[in-house]
Amino acid sequence: METEHERPAMGGAHRFVGLAENLERYAGTPTGAEPPNVHGSNRGYGLVFFYLEELHLTTVISSGLRFQPLGAEPAQELACTVYKEQAEAARHLVDMTSELLVQQRTYLVPDQIIPNEQPLLPGTEFHGVLASGHPIFPSEFTRFTDPEGNEQLQVYTLLPVTLGELNYILDHGVTSLRQQWARFEVDVFDLGRPSIA
């Protein structure tokens with residue numbers, strides 16, 4: 001059995017005072033939550049839903065990864081922002097990716113791709129997610145600091161990518177894909193969007 005000393009990521013909840021208010025400031029009004037034990041056993045994280053009315057965007061954010069022994073420093077949580085009607089898909093992407101991190105006791109790095117052989121969402125071409133900063137929220141959403149200015153948490157936004165876009169990244173890199181998204185004015189919040197590759 002592991003002790004608290006062997007699991008340093010578990011302690012220090014005081015480091016995250018003000019986190020909920022910070023997330024709400026950028027992601028909008030909290031509209032619901034899914035507890036860690038929603039399916040019976042404790043999966044190690046919950047999910048919180050936010051709604052930004054002026055942009056009609058729902059953001060689903062994990063809550064609890066920061067207390068798991070994943071090895072990340074600073075700690076991490078995951079987010080996915082989509083249009084309100086697609087909130088269930090965002091919930092699925094955050095849940096699935098969070099579960100993968102907990103099971104494998106690992107963490108994300110910037111611009112990491114998490115591919116999947118099958119579509120992540122039925123009826124779509126999305127075969128993976130890209131761990132990124134948020135496309136429109138400021139860096140204060142992505143990087144949470146304590147009152148002394150020390151970074152305590154990173155919130156990685158999961159951007160769904162199609163199979164063609166995954167292959168494009170392998171050939172040309174993430175920066176080039178972002179340039180293509182900008183060139184074609186891709187709405188990364190729309191899970192009904194076409195692939196640009």
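## The turn after α4

Just after helix α4, G173 has a positive phi of about 95°. The model is predicted. Helix α4 spans residues 163-172, and helix α5 spans residues 174-183.

## How α4 meets α5

At what angle do the axes of α4 and α5 cross? The crossing is at roughly 125°, and the axes come within 7 Å. That angle makes α4 oblique to α5. An angle between 115 and 145 degrees is neither roughly perpendicular nor roughly antiparallel, so the pair falls in the oblique class.

From α4, the contact draws on E165, Y168, I169 and H172. From α5, the contact draws on V174, S176, L177, Q180 and W181. By type, the residues of this contact are five nonpolar, three polar and one charged.

## The two sides of α4

Which residues of α4 are buried? They are E165, L166, Y168 and I169. These residues span an arc of only 160° around the axis, so they sit on the same side of α4. E165, Y168 and I169 are buried, and these three also take part in the contact with α5.

The cover over the buried residues of α4 includes three strands, β5 (113-115), β6 (126-132) and β8 (151-162). Helix α5 is also part of that cover. On the face turned away from the buried side, α4 carries the exposed residues L170 and D171.

## The two sides of α5

In α5, the buried residues are V174, S176, L177, Q180 and W181. Down the axis, they fall within an arc of 160°, so they line one face of the helix. These five residues of α5 are also its part of the contact with α4.

What do the buried residues of α5 pack against? Their partners are β6, β8 and α4. Strands β6 and β8 also help to cover the buried residues of α4. T175, A182 and R183 are exposed on the other side of α5. Just after α5, E185 takes a positive phi of about 50°.

## Backbone exceptions in the loops

Most residues other than glycine have a negative phi, and most peptide bonds are trans. Several loop positions depart from this pattern, as set out below.

H56 lies in the loop between β2 (46-52) and β3. Its phi is near 60°, a positive value in a residue other than glycine. Is H56 buried, partly exposed or exposed? H56 counts as partly exposed because its relative accessible area is 29%, between the cut-offs of 20% and 50%. D111 lies in the loop between α2 (87-104) and β5. Phi of D111 is near 65°, again positive in a residue other than glycine. D111 has a relative accessibility of 32%, so D111 also counts as partly exposed.

Where is the cis peptide bond that leads into P74? The bond runs from E73 to P74, with omega near 0°. P74 sits in the loop between β3 (57-63) and β4 (75-83).

## The annotated span

UniProt lists residues 57-194 as "domain: Suppressor of fused-like", in an unreviewed entry. In the model, the end C-alpha atoms of this span lie 19 Å apart. The span is 30% helix and 30% strand.

Definitions and conventions: Residues numbered from 1 in each chain as written. Predicted model: local features only at pLDDT ≥ 70, side-chain atom pairs only at ≥ 80, totals over all residues. Heavy atoms only, no water. Axes fitted to C-alpha atoms, helices over the stretch in contact; angles between N-to-C directions. Helix = DSSP H or I, 4+ residues; strand = E, 2+ residues; numbered from the N terminus. Parallel < 35°, antiparallel > 145°, perpendicular 65-115°, else oblique. Contact = heavy atoms within 4.5 Å. Nonpolar A, V, L, I, M, F, W, Y, C, P; charged D, E, K, R; others polar. Buried < 20%, exposed > 50% of the residue type's maximum accessible area, 1.4 Å probe, protein only. Arc of directions from axis to C-beta. UniProt positions renumbered as here; feature names shortened; annotations may be inferred.
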